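Please take me on a tour of this structure in my viewer. I would like to know what to select at each stop and what I will find there.

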Number of protein chains: 2
Amino acid sequence: MRFTAKMRPKCSECPIRHRAVCARCDDSELTTLEGIKAYRSFAAGDPILRRGDPLTYVASVVRGVATLNKTMEDGRTQMVGMLFPSDFIGRPGRAKIDFDVVAVTDVTLCCFQRKPFESLIETTPHIAQRLLEMSLDELDAARDWMVLLGRKTAREKIATFVEMLVRRQDIEGSAGTDGPLILPLTRDEIADYIGLTLETVSRQLNAMKKEGILRFTDRRRFEIADLAALHLATGDDSEDTLVY
Amino acid sequence: MRFTAKMRPKCSECPIRHRAVCARCDDSELTTLEGIKAYRSFAAGDPILRRGDPLTYVASVVRGVATLNKTMEDGRTQMVGMLFPSDFIGRPGRAKIDFDVVAVTDVTLCCFQRKPFESLIETTPHIAQRLLEMSLDELDAARDWMVLLGRKTAREKIATFVEMLVRRQDIEGSAGTDGPLILPLTRDEIADYIGLTLETVSRQLNAMKKEGILRFTDRRRFEIADLAALHLATGDDSEDTLVY
DNA sequence: CGCCGGTTTGACATACTTCAAGAGAAGTGG
DNA sequence: CCACTTCTCTTGAAGTATGTCAAACCGGCG
């Protein structure tokens, strides 16, 4: 678990300033946060937190992509979340988490010691409110994913996954807007996220390529050639995406 | 959407007093809540809230069981949650929900108008904190369910579902402790919860009956004849249940 | 150049679904 | 209280989407 020297960049210049837990904080609250925060970096593939480990800090993802993984005794694994910049890691009020957090690309975190952060929550309603809002958003996302896992076909799963990627990468601008999209996950990891095998993922991805829905420049880079067809393939209501 | 005259029983005598959103409230806060609350009853089968409806109130389940359902355009449905007494319905800060809430047994709710409740959250940290805690618990549960939906076999799904029922019904005491357990859901509804068809649910349930793990007195009432075997069939770590 | 992780592709296996028929319970109305 | 409908559940037989196993391919990197 390698990490760089602990730096404290100015919150005011932070790229996730307006979307992270601290989104609603005023200047004085930011100053308090700046006092207890520290950046940490992880290389692609590094574990960030392990299931059952004592949770000493909570954090915001500043850069990169991390995943939340649950593994059964016999090795079957299910990814239960992907974290993009501005997403929050850790659970105030509990000392352990029940899944592994892994950096799938190079990741930079903005970390807060758990204890001081917890007392901050009690005294700073702006943080508590934002955290509640973010948790409820995650809950909504988790429930959408339950529909995917329980009821969608392999093709619909892939289409939904790709559409989610587009939405999140667009918002982040994390990959240079409008350039080719990037698959941050291997076929195997995608399979673990949508409840399939890597072979089925590969076949469906190539099927969509042949149908002219996706255009790959490389095994990891691609563009959406036909956004309407992609959405149609998700099985979701046409309105669903427009709600936000 | 039928409901009885709006009564306001004393919070101090409320059966869910110590587990609901109001768990941490002091006497004066309870008094405020008593001012804006109203009981409503729903008969088994009644819709409580419909997807997309404007959300005028939020509520705690006082009695009975409700389910959260998502339905795709072609009719496939996935249940994304079961609500037992003390569970919370509705989302402060947003006017709509993205699923249907249905009473599967007779249900009594303790309702609060959304607007006054939202301002209460801002002024009453005890409520905001408890709500955050409950949301995070739900998120944990949703993630566990994602493992079930994405990676477990039909048999493991059934076993996990039954074990969950036991745990929740035990805690509630909602069905007279130690009496026979009750399936609040039809085979069809169970299927929608665990991502199977009703036929597969029926077959697996009868298989467990033949193996002597479950003992049915009736199609809806049963006892756990072999708790260890049940847990073994869930596919979960042996420690998992003891963590709480 | 040759290994090596990730990926593709094919052939085959199977858990679960689908379709279909019938059996119990549980209401409902005469 | 007894037909009659209706709903839920059970059980069987057949079909299929996806998993499993295995081999070959490809692009990067030492």
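One definition before we start: Ala, Val, Leu, Ile, Met, Phe, Trp, Tyr, Cys and Pro count as nonpolar, Asp, Glu, Lys and Arg as charged, and the others, Gly among them, as polar. The model is predicted, with local features needing pLDDT of at least 70 and side-chain atom pairs pLDDT 80 or more, while totals for chains, interfaces and linings use all residues. Residues are numbered from 1 along each chain as its sequence is written, chains are lettered from A and ligands numbered from 1 in the order in which they are written, and side-chain values use heavy atoms, leaving out hydrogens and water.

**Stop 1: the two protein chains**

Select chains A and B. With the copies superposed by least squares on the C-alpha atoms of residues with pLDDT of at least 70 in both, a rotation of 180 degrees with 0.0 Å of shift along its axis places chain A on chain B, at an RMSD of 0.0 Å. The two copies are thus related as by a two-fold rotation axis. Both use the same surface: 100% of the contact residues of chain A recur in chain B, where contact means heavy atoms within 4.5 Å.

**Stop 2: DNA strand C**

Next, select DNA strand C and the residues near it, meaning those with a heavy atom within 4 Å of the strand. There are 18 residues around DNA strand C, and A:R187, A:S202, A:R203, B:A154 and B:T200 come nearest. Of the atoms of this strand within 4 Å of the protein, 66% belong to sugar and phosphate. By class, the surface has 3 nonpolar, 7 polar and 8 charged residues.

Which element gives the largest share of this surface? It is α6(A), with 5 residues; helices here are DSSP runs of H or I with at least four residues, strands are runs of E with at least two, and both are numbered from the N terminus.

Now zoom in on some polar contacts, which are pairs of N or O atoms within 3.5 Å. An N or O atom in the side chain of A:R203 is 3.0 Å from a base nitrogen of DNA strand C. The side chain of B:E199 has an N or O atom 3.2 Å from a base nitrogen, and that of B:T197 has one 3.1 Å from a phosphate oxygen.

**Stop 3: DNA strand D**

Move on to DNA strand D, which 17 residues surround, the closest being A:A154, A:T200, B:R187, B:S202 and B:R219. Sugar and phosphate make up 67% of its atoms within 4 Å of the protein.

Show the side chains of A:E199 and B:R203. An N or O atom of the A:E199 side chain is 3.0 Å from a base nitrogen of DNA strand D, and one in the B:R203 side chain is also 3.0 Å from a base nitrogen. At A:A154, a backbone N or O atom lies 2.8 Å from a phosphate oxygen. Here α6(B) gives the most to the surface, with 4 residues.

**Stop 4: a strand inside chain B**

Finally, select residues 57–63 of chain B, which form strand β3. Is this strand mostly buried or exposed? Because 6 of its 7 residues are buried (under 20% relative accessible area with a 1.4 Å probe, protein chains only), β3(B) is largely enclosed by the rest of the structure.

Add residues 107–113, strand β8 of chain B, which runs antiparallel to β3(B) and is joined to it by 6 bridges; two strands pair if DSSP finds at least two bridges between them. Here B:Y57 has B:Q113 as its bridge partner. Then add β6(B), residues 88–89, which pairs with β3(B) in the antiparallel sense over 2 bridges, with B:I89 as the partner of B:A59.

Notes. A polar contact is a pair of N or O atoms within 3.5 Å; within protein, one must be able to donate a hydrogen and the other to accept it, and residues adjacent in sequence count only if both atoms are side-chain atoms. Buried means under 20% relative accessible area, exposed over 50%, partly exposed in between (1.4 Å probe, protein chains only).
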